[in-house]
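Trainee: Could we go through this model together? I would like to learn how its labels are given.

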Amino acid sequence: FELSGYHNRISDFIYVTPTVLVIDSLPVYQYTQAEAELYGAEASLETEVGKGLIVHGRADVVRGTNLEAHEPLPLIPPLNGTVGLSYRHQAGFEFESHASPKHLNPLDIPTNGYTLLNLWGGGAVRLFGQPVQVDVSIRNAFNKRYRTFLTRYKTFADDPGRNVILRLSTGFTE
């Protein structure tokens, strides 16, 4: 189990903020700086609940305030987390969840919360006489439509659908 928290006051904190301008149907963003305060927390847990069966979870939250304007900093990610189950870290699944943002800057564009199912598995094989680690992961296994709060395209485009990743890795020796 891990738990951490933080609180920072930062002079001349640089952040990006949306403006009301649009060029060629794309929103225009501007870099700004201000006295800011950021605080948040992260927690994670991993435990073996049976022979090789591992449960894990993670959550994090952050808040940011522009102390000069007395309003939330823009584009601060909402509460998010994961919970999952794996077998000896070789195969497993997890639910990844992102809440709808609650503390918005006046120029922020909110998005709906969403939950994705991610799957993974892998193992060692021999390929051309060499040991090779083969890993397959599937992010957003149910091909859910969603829009991430932090993306700048959230007003006109969904985030990627199902994403399948095949990874082969080996060490080269002389």
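**Reading the labels**

Mentor: Happy to! A search of the whole structure, which is a predicted model, finds four aromatic pairs. In one of them, Phe13 and Tyr15 have ring centres 6.2 Å apart and planes at 20 degrees.

Trainee: Why is the pair of Phe13 and Tyr15 called stacked?

Mentor: Two values matter here, because a pair of aromatic rings is described by the distance of the centres and the angle of the planes. The centres of Phe13 and Tyr15 are 6.2 Å apart, and the limit for a pair is within 6.5 Å. Their planes are 20 degrees apart, and under 30 degrees counts as stacked, so the label fits. Phe13 and Tyr15 are also both buried.

Trainee: What makes Leu168 count as exposed?

Mentor: Leu168, in strand 9, has a relative accessibility of 53%. Exposed means over 50%, so Leu168 qualifies. Leu168 also helps make a nonpolar surface patch of about 650 Å², along with Leu127, Phe128, Val136, Val164 and Leu166. Strand 9 gives the most to this patch, with three residues.

Trainee: And why is Ser97 called partly exposed?

Mentor: Ser97 belongs to strand 6, and its relative accessibility is 31%. Buried would need under 20% and exposed over 50%, so Ser97 falls in between.

Trainee: How do you know that the charged end of Lys154 sits over the ring of Phe149?

Mentor: The charged end of Lys154 is 4.1 Å from the ring centre of Phe149, and the distance limit is within 6 Å. The direction must pass as well, within 35 degrees of the ring normal. Likewise, the charged end of Arg152 sits over the ring of Tyr29, at 4.7 Å from its centre.

Technical notes
Residues are numbered from 1 along each chain as its sequence is written. This is a predicted model: local features need pLDDT of at least 70, side-chain atom pairs count only at pLDDT 80 or more; totals for chains, interfaces and linings use all residues. Side-chain values use heavy atoms; hydrogens and water are left out. Patches are made of residues with over 30% relative accessible area and no salt bridge: like charges are joined within 9 Å, nonpolar side chains (Val, Leu, Ile, Met, Phe, Trp, Tyr) within 5 Å. Accessible areas come from the Shrake-Rupley method with a 1.4 Å probe; for residues, only the protein chains shown count as cover. A salt bridge is a side-chain nitrogen of Lys or Arg within 4 Å of a carboxyl oxygen of Asp or Glu. Helices (H or I, at least four residues) and strands (E, at least two) are DSSP runs, numbered from the N terminus. Buried means under 20% relative accessible area, exposed over 50%, partly exposed in between (1.4 Å probe, protein chains only). Rings of Phe, Tyr and Trp (its six-membered ring) pair if their centres lie within 6.5 Å; planes under 30 degrees apart count as stacked, over 60 as edge-to-face and the rest as tilted.
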